[in-house]
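Biologist: Please take a close look at one part of this model, the helices and the sheet they lie against. I would like the contacts spelled out residue by residue, and then the surroundings.

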Amino acid sequence: MNTLDFDQGNTIIRTKDLSVAYGEKTAVSKISMEIERNTVTAFIGPSGCGKSTFLRSLNRMNDLIPSCRVTGSIEIDGIEINDSNVNIEGLRQLVGMVFQRANPFFKSIYENIALAPRYHGIRSKAELDEIVEQSLRKAALWDEVKDRLKESALALSGGQQQRLCIARAIAMQPSILLLDEPASALDPISTMKVEELISELKDEYTIVIVTHNLHQAARISDKTAFFLMGELIEMNETSILFTSPAQKQTEDYITGKFG
Ligand SMILES: Nc1ncnc2c1ncn2[C@@H]1O[C@H](COP(=O)(O)OP(=O)(O)OP(=O)(O)O)[C@@H](O)[C@H]1O
C-alpha cells in the first residue's frame, strides 16, 4: 500500500455503508464515516453496540471469525481494503492494533519489539537495536526498560506491558493505530500514562480508540462517534458532542440515562 498515492484531503479512513454480521445477527449496520489523519477518534456507546466489531473491520481482523460477513466499503489511504487482492499482512502493518488485555509474547522486552521487523527481513543487529530503541521511546517506555531489555516482558507491570504492546505496533511503522479499550484493565496512574502517550502519538499516527470511559474520550479525542445497537448515531468534534449533542439518544447516553 502506497500512502503517497493518496490524495483525498486529510481523510485517511473512509467507510461507506459498512455492515458487519455474525451469521444472521447484524452487529454493525450501514455505517459511513470519515476519519482524518493525525487525529484521535473515540468510539463510545453501550456494551454490544458494535464498536469493537467496527474497529476490527478496519484492519480485517474480523476475517479471523468464520461466521463474520462484512459488506460495504472501507477505504484506507484511498484503497478498498476489502478487495480480495489486498495483502492482509501489509494492511495490518499499516493499521496496527492493541487490545484490551496486554498480550506481550513470552519473550524478552527486546524480542517483543524486534520479532516482527526481523520476520519482515531486517537482519542487522544495529538496525534492530535502533528500531527497538525508537519504538520504546515513542511508547514512552525506554527510560523505564533500557537497562533490562533482556528481561522477560512478563516481568513488567500491566501498564508497562500495554505500552510495550503499543511499542510493538509502532515498530511496524503503521499509519493508523486501533486501540480497543487499551486502558480498561489498568490502574489510574497507568491509565494516565497511556492517555498521555496517545496524545503524543497523534503527531505521527492516526488513532482510533474504543473506550467505555466517557471522561477518557472527552480528555483524549478530537472526534467522538456514538454507536447504538449497531448504528452510528452521531459523530462530531468531541467538545461539541459532549456539550451540545445533536441527537436525543446521545444526550441520554452521555448524561447517564442509560448505559
Ligand atoms: N465473535 C463473535 N461472534 C458472534 N457475535 C459476536 C462476536 N463478537 C461480537 N458479537 C456480537 O456483536 C455485537 C456487537 O459486539 P461488539 O463487541 O462489537 O460490541 P461493543 O460495542 O464493542 O461491545 P463491548 O463494549 O461490550 O465490547 C454484540 O451483540 C456481540 O454479542
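Modeller: What follows starts at helix 6 and works outward to the two sheets and the ligand.

The model is predicted. Helix 6 covers residues 158–170 and lies across strand 6 and strand 7. Its direction is about 165 degrees from that of strand 6. Two other helices pack against helix 6, namely helix 3 and helix 7.

Take helix 3 to begin with, residues 109–119. Its axis and that of helix 6 are 8 Å apart, and the packing angle is about 25 degrees. Angles under 35 degrees count as roughly parallel, and helix 3 and helix 6 are therefore roughly parallel to each other. The crossing of the two is right-handed. On the helix 3 side the contact consists of Ile 109, Asn 112 and Ile 113, and on the helix 6 side of Leu 164, Ala 167 and Arg 168. Sorted by class, the residues of this contact are four nonpolar, one polar and one charged.

Helix 7, residues 188–201, packs against helix 6 at an angle of about 20 degrees, with the axes 9 Å apart. That angle makes helix 6 roughly parallel to helix 7. Here too the crossing is right-handed. Helix 6 contributes Gly 158, Gly 159, Gln 162, Arg 163 and Ile 166 to the contact, while helix 7 contributes Ser 190, Lys 193, Val 194 and Leu 197. The class count for the contact of helix 6 with helix 7 is three nonpolar, four polar and two charged residues.

Now the sheet beneath this description. Strand 6 and strand 7, the strands that helix 6 lies across, belong to an open sheet of six strands in the order 6-7-8-3-9-10, with mixed pairing. Its edge strands are strand 6 (95–98) and strand 10 (231–237), and each of these pairs on one side only. From one strand to the next the twist averages 15 degrees.

Two pairs in this sheet can be given in detail. Strand 7 (residues 176–180) and strand 8 (residues 206–210) run parallel and are joined by five bridges. Within that pair, Leu 178 is opposite Val 208 of strand 8. At the other end of the strand order, strand 9 (residues 223–228) and strand 10 are antiparallel and share six bridges. Lys 223 stands opposite Glu 237 in strand 10. Strand 9 and strand 10 make a hairpin with two residues between them, and Met 229 in its turn has a positive phi of about 45 degrees.

There is also an open sheet of four strands, in the order 2-1-4-5, and its pairing is antiparallel. Strand 2 and strand 5 (79–80) are at the edges with a single partner strand each, so one side of each has no neighbour in the sheet. Strand 1 (residues 11–22) is joined to strand 2 (residues 25–36) by eight bridges, and the two run antiparallel. Ile 13 has Ile 35 of strand 2 as its bridge partner. Strand 1 and strand 2 form a hairpin with two residues between them, and Gly 23 in the turn has a positive phi of about 60 degrees. Strand 1 is also joined to strand 4 (residues 68–76) in the antiparallel sense, by eight bridges. Across that pairing, Tyr 22 is opposite Cys 68, and Lys 16 is opposite Ser 73.

Tyr 22 leads to the ligand, as Tyr 22 is among the residues around the ligand. The others in the shell are Ala 27, Gly 45, Ser 47, Gly 48, Cys 49, Gly 50, Lys 51, Ser 52, Thr 53, Ile 65 and Ser 67. Helix 1 (residues 51–57) supplies the largest share of this shell, three residues. By class, the shell holds four nonpolar, seven polar and one charged residues.

To return to the part you asked about: helix 6 lies across strand 6 and strand 7, is roughly parallel to helix 3, and is also roughly parallel to helix 7.

Terms used: Residues numbered from 1 in each chain as written. Predicted model: local features only at pLDDT ≥ 70, side-chain atom pairs only at ≥ 80, totals over all residues. Near = placed C-beta within 6 Å. Nonpolar A, V, L, I, M, F, W, Y, C, P; charged D, E, K, R; others polar. Pairing = 2+ DSSP bridges. Axes fitted to C-alpha atoms, helices over the stretch in contact; angles between N-to-C directions. Contact = placed C-beta atoms within 7 Å. Parallel < 35°, antiparallel > 145°, perpendicular 65-115°, else oblique. Left-handed = near helix turned anticlockwise from the far one by under 90°.
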